[in-house]
Amino acid sequence: MTTQSQNNTHVQRSTKLIVFLVSLMSVFVPVSVVILLSPYFEIQLNNQKEILFLVLAIIVALGMQWSLLKIIPAKREILSPEEQVHATNEKLRYIFNVITRHIENATEFKNEGVNIIENPTDKLAAILVQRSETIADSVQTLISTLQFGSHDTLENIKQSLTPLIDQTLDAISQYLTVSENIENHLCNQISTTQKLLINLRSELAAFVLNQSQQKTPPNLSTGIIETAELIDIYLKIEEAIDQQLAVVANDTNEAGMTLVTNMSTLRDSATGLVHYISESLSQISGMENEVNDCVQFIVNTGHFIKDIPSKIQADIQSIQKASSVIDSLGYLVDSIKDIGFQTDILAVNAAIQASHAGEAGLGFKIVADEVRKLALNSSKAAELIESGLNTARQTIHEGLKFKFLDEIMVQMDEAANIMDAVKRLDASHEDMRIYYGMLFSAINQNNLKLANDISDILDSIQYQDIVRQRIERIQFVMQQRNELLQQFIAELESSGGQMTDDFNIKMNTILNEYSISESSHHSSLSLNNGGTQSPQFELF
Amino acid sequence: MAKTIFLIDDSGAMLMSLRDNLEFSGFNVETAENGVKAIEKLMAGLNPDLIITDINMPNMDGIELIKKVRALPNFRFVPILTLTTEANQHKREEGKQAGATGWLVKPIKIGDLLKIIKQVLPGV
């Protein structure tokens, strides 16, 4: 124990001794006076009463001593310098622990922030750009396809465009969810930090007040004041960071709203385009049906006309066949006539022979007469057949002539119909050409609108870079500040309060540089940082 | 013949966004993630008609990049635009002294960027 400590103990003992004596005196003096003066006041005291009085006096004295010692504040004790340093260090250590926890939370935020803010938005930005490119390509293909007027390709494109828009909407939705997470995370961080700031300031104020009420050695007092000032600047930097985090949260919200609006516009444009294509497809379908009908009619007529010669040929062959049959029948008639003539001659000969035979030839004569009649009838029949055949031949030839004329008439009528059909077809093609021209023009306009909508969305993605840079500057200043504070803590603990370096100036420098740096960067998307807003662009 | 624009930015999102918009407008676009890679590409034979660069980049910032590009014999007169969040006058002056042709502040709409490109690139 040092002399100081011995003195302290001496002081403690002497205080107790004084208190004891005072309490003893305050009891014994009145009791002694009573005992001594009892004879004069005719108070009869025997030995027992005197002993009882003494005992009571001792008890009362002890009780008073105890009470007095209780009333005297223990804080009146004076600590040795080492004890003072130890007590101060304990308190400082407590505050530094709180700050270290805060630094750890901030580091965790930094790491979490990078993951939450940077990586997903980079990936989603890539997806967004890719989807936009695909939509733009699809519409470009649509434009090229329209030049050929293919119905199927239009249908395919219409079917592929709608899911593309839906997929892009999904990507946007994910992007917005991430933005919302960023916003919530930042708002929680700001709120937590603010509470911590309030607590820290209160503790610091209480600690400084507490220290000022004690009689601390001068170097310790300076160290405490320096610590308080440093922590105050530390907290100012924290407030400056919180301001920027609020800007980030606001920018995220604004950019999210802009993205939603742009995407809605894109969806409306694309939906309009799809609807327009659907309407056009049904109209084109009607026109195509008409064209097909015309074409089919022409094709059918063509087939018919192509078949006519062969049909006529077939008819002619049939007729020629009939004629050759008739001709062959004519030969048959000649044969019949010959047979009839020969038969007649035979009958005449038979009649002559019968007349020579007398009565024996009478029967034979009758037969000869009958045969002659038969020959005559055969000749008449042959003539009739020949006449009939001639009539048939004539009829066929006459009929063929007219039929051929009928065929020609039909051909001419069909030719007239084909001309009508060709004219209708030509008109339909002209209608379609005009219609496709209008369709091309309308879709081209829609495409330009879609392109502008996509450009707006791509422009909105730039906010992600602005926010990222702001976060990087925050991370940098936090790192500088935390490193300086840790140096300060190390030196404070090792030096016992006798600081050699001016940490406050360094911390202030960090704060000032950060404030200047933030003011030199472009302000928030909608907030104005005050001061002069430089122009958006300038050519030198 | 389509003009070639060389974009330099450490932000992937910015490069994608700008490249897509510029290619859609009819330009050929080459990109680099930082100043070091940009210089490598230029020395390897890339001959852009216009360079657009960010300022705050790791390893080599935009101001240093502009000085290095201007020191190359083939690129003393190629237009160089900066596209950055830096808005203060002092930094602009620094860029101008280094040899920048113009100073653009993010975010910028593609319509405005195309107007500026028309002004700095003849024949566009």
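Start at the seam where chain A meets chain B: three salt bridges turn up across this interface. Keep in mind that you're looking at a predicted model.

To see one of those bridges, select A:R468 and B:D10. The two form a salt bridge, and their closest N and O atoms sit 3.6 Å apart. Now widen the view to polar contacts: between chain A and chain B, 13 residue pairs make one, with both residues at pLDDT 80 or more.

Next, color the chain A side by element. Those giving two or more residues to the surface that touches chain B are α3 (81-146), α6 (362-460), α7 (462-495) and β1 (537-539). Which element of chain A gives the most to this side? Select α7(A): it leads with seven residues. Try coloring by class, too, and the chain A side splits into 13 nonpolar, nine polar and seven charged residues.

Time to show the whole contact. Select 29 residues from chain A and 34 residues from chain B, and you have both sides of it. Together the two chains bury about 3000 Å², with 55% of that on carbon and sulfur atoms. Pick out A:Q462, A:L539 and A:F540 here: these supply 23% of the area chain A buries against chain B, more than any other three residues.

Stay with A:L539 for the last stop. Where is its bridge partner in β5(B)? Click B:G102, and you've found it. Then show both strands in full: β1(A) pairs with β5 of chain B (residues 102-105) in the antiparallel sense, over three bridges.

Methods: Residues are numbered from 1 along each chain as its sequence is written. Chains are lettered from A and ligands numbered from 1 in the order in which they are written. This is a predicted model: local features need pLDDT of at least 70, side-chain atom pairs count only at pLDDT 80 or more; totals for chains, interfaces and linings use all residues. Side-chain values use heavy atoms; hydrogens and water are left out. Contact means heavy atoms within 4.5 Å. Buried area is the accessible area (1.4 Å probe) that two parts lose on being put together, summed over both. A salt bridge is a side-chain nitrogen of Lys or Arg within 4 Å of a carboxyl oxygen of Asp or Glu. A polar contact is a pair of N or O atoms within 3.5 Å; within protein, one must be able to donate a hydrogen and the other to accept it, and residues adjacent in sequence count only if both atoms are side-chain atoms. Helices (H or I, at least four residues) and strands (E, at least two) are DSSP runs, numbered from the N terminus. Ala, Val, Leu, Ile, Met, Phe, Trp, Tyr, Cys and Pro count as nonpolar, Asp, Glu, Lys and Arg as charged, and the others, Gly among them, as polar. Two strands pair if DSSP finds at least two bridges between them.
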